[in-house]
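Q: I would like to learn how to read a ligand site, the pockets and the unusual backbone geometry in a model. Where do we begin?

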Amino acid sequence: MAEAPLTTHRILLIVGGGIAAYKALELVRLLRKAGAEVRAVLTDGGAQFVTPLSLAALSGHPVHQALFSPDDETTMGHIELSRWADLVVVAPATAGLIAKAANGLADDLASTTLLATDKRVLMAPAMNVRMWQHPAVQANLARLRGFDGLHGVATVGPDDGEMACGEFGPGRMAEPVAILAAIRDLLAGDRPLAGRRAVVTAGPTFEPIDPVRGLTNRSSGKQGYAIAAALAAQGATVTLVSGPVGLDAPEGVHRVWVETAVEMKAAVDAALPCDIAVMSAAVADWRVDGVASGKIKKAPGGPPSLALIENPDILAGISAPGPRRPALVIGFAAETGDLVDNARAKLSRKGCDWIVGNDVSDDVFGADSNTVTLFLRDGTSQAWARQSKADVARALVDRIVAHFA
Ligand code: CTP
């Protein structure tokens, strides 16, 4: 199973002044690769080891350095920076930074931000072995770890090993991959769908007529992929059953490729049991009865006629009562008219819990935005303003989180 993505997460990285600062650059790279947004605060000491330019280039944001800078304070000041973040990471955390944080000293941007933050703080200490072993440092760390609730600081490392100063022992900053793992662990605690399993269908199906032709539709899969990504970002373990589309699998999502409705149904069944099912695929209602084994040739008698047979209804099947029915089943209703009546009728006919209705006469296929109405089983509905498919996905997943809360 791939690692869960950090796509909705914002990390504020404080880079202190130590030789290990160079490893902070690799950490920024790993965080960005995992999908997180990263902003960096560079202390004066940190700037002796890495340049603001490297950090800015890797993070994709300007680097924050001064407490009293007209530029920094107007774009994003220390209070705003600390609110913006989901997690504050200090790497390397020097003995000086640890001492300031433990004693509430606020005399530069890094220490002020640490005091102002209302988010968890993770420190990756790095210093000379004698400094690390000094009771003052250990007392400061014990104090930081012991603060109540959110204020309790988490730590990762240091590792044992040969140090840049030539001495040997504990004090080397944890490797960036270990810091990334610690970040994931801390954030997982905040992810409300952690431990829940979800199956999402997306895209069109393709029903072959012969080896070269088939019946399909104009679904792009974008909405279903965005929902899979949003569920994974909230900690769910997601299987994405996808028809043929040209999209990358969202990070942390297990994708299963299928072509036909029959294959899609088998893949959904194989993903059960799960807690959440979101059936957003545009499944072909019919398939060709007796797919030709060779290419059908043009014949003098005129065009061939195709005999169609009905495909299994995956949504109705998964919604049927039984021990394997997911706790929450969500269907889609793509309509070109009478959205409210058609969506409501579909909700009761299929037996699902919610239906996301959208009017597809409105240039939705392949587009990046969508206008949807959410219909619930209790007869209520909510019309959402046109928004990006990613925002529709986030709004839907927020409702799912509230449902399970
Ligand atoms: N669906 C499904 N299996 C099918 C057909 C549809 O799981 N064989 C699901 C879709 O993924 C969607 C919902 O049912 O969540 C509604 O799909 P839609 O094509 O709008 O409905 P149909 O049942 O095909 O009804 P109609 O063609 O009459 O609009």
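A: Begin with the ligand and its polar contacts. A polar side-chain atom of K350 lies 2.5 Å from an oxygen atom of the ligand. The protein buries 79% of the 560 Å² that the ligand exposes when taken alone. Keep in mind that this is a predicted model.

Q: Which other polar contacts does the ligand have, for instance at K346 and I314?

A: For K346, a polar side-chain atom is 2.7 Å from an oxygen atom of the ligand. For I314 the backbone is involved: one of its N or O atoms lies 3.0 Å from a nitrogen atom of the ligand. The cut-off for such a pair of N or O atoms is 3.5 Å.

Q: How many residues surround the ligand, and which come nearest?

A: There are 15 residues around the ligand, and M279, A281, D285, K346 and K350 come nearest. By class, this shell has 9 nonpolar, 1 polar and 5 charged residues.

Q: Which helices and strands supply at least two residues of that shell?

A: They are helix α12 (314-319), strand β16 (328-335) and helix α13 (339-350). Strand β16 gives the largest share, with 4 residues. I314, whose backbone approaches a nitrogen atom of the ligand, falls within the range of α12. K346 and K350 fall within the range of α13.

Q: Now the pockets. How is empty space found, and where does the ligand sit?

A: Rolling a probe the size of a water molecule over the atoms shows where empty space is left. In this model the ligand sits in the largest pocket. That pocket holds about 960 Å³ of space.

Q: What lines the largest pocket?

A: Its lining has 40 residues, with A281, A282, V283, F332 and A334 nearest the centre. The lining divides into 17 nonpolar, 14 polar and 9 charged residues. Elements that each supply at least two lining residues are β8 (197-202), α10 (222-233), α12, β16 and α13. Of these, α12, β16 and α13 also each supply at least two residues of the shell around the ligand.

Q: What is the volume of the second largest pocket, and what lines it?

A: Its volume is about 310 Å³. The lining consists of 20 residues, and I19, A20, A126, M163 and A164 lie nearest the centre of this pocket. Both α1 (21-33) and β7 (168-172) supply at least two lining residues. The classes are 12 nonpolar, 5 polar and 3 charged.

Q: Last, the backbone. What is the usual geometry, and which residues does a cis peptide bond join?

A: Most residues other than glycine have a negative phi, and most peptide bonds are trans. Here a cis peptide bond joins A91 and P92, with omega about -5 degrees. P92 belongs to strand β3 (residues 87-93). Another cis peptide bond joins L272 and P273, where omega is about 0 degrees. P273 is in the loop between α11 (261-271) and β13 (276-279).

Q: Where is D338 found, and what is its phi?

A: D338 is in the loop between β16 and α13. Its phi is near 45 degrees, a positive value in a residue other than glycine. The two elements that flank this loop each supply at least two residues of the shell around the ligand.

Definitions and conventions. Residues numbered from 1 in each chain as written. Predicted model: local features only at pLDDT ≥ 70, side-chain atom pairs only at ≥ 80, totals over all residues. Heavy atoms only, no water. Near = heavy atom within 4 Å. Polar contact = N/O pair within 3.5 Å; in protein donor to acceptor, adjacent residues only side chain to side chain. Areas by Shrake-Rupley, 256 points an atom, 1.4 Å probe, with all protein chains shown as cover. 1 Å grid on protein atoms, 1.4 Å probe; cavity = no way out; pocket = protein on both sides within 12 Å on 5 of 7 lines; lining within 4 Å. Sits in = over half its atoms within 2 Å of the grid points. Nonpolar A, V, L, I, M, F, W, Y, C, P; charged D, E, K, R; others polar. Points joined across faces, edges and corners; volume = space filled by probe spheres on them.
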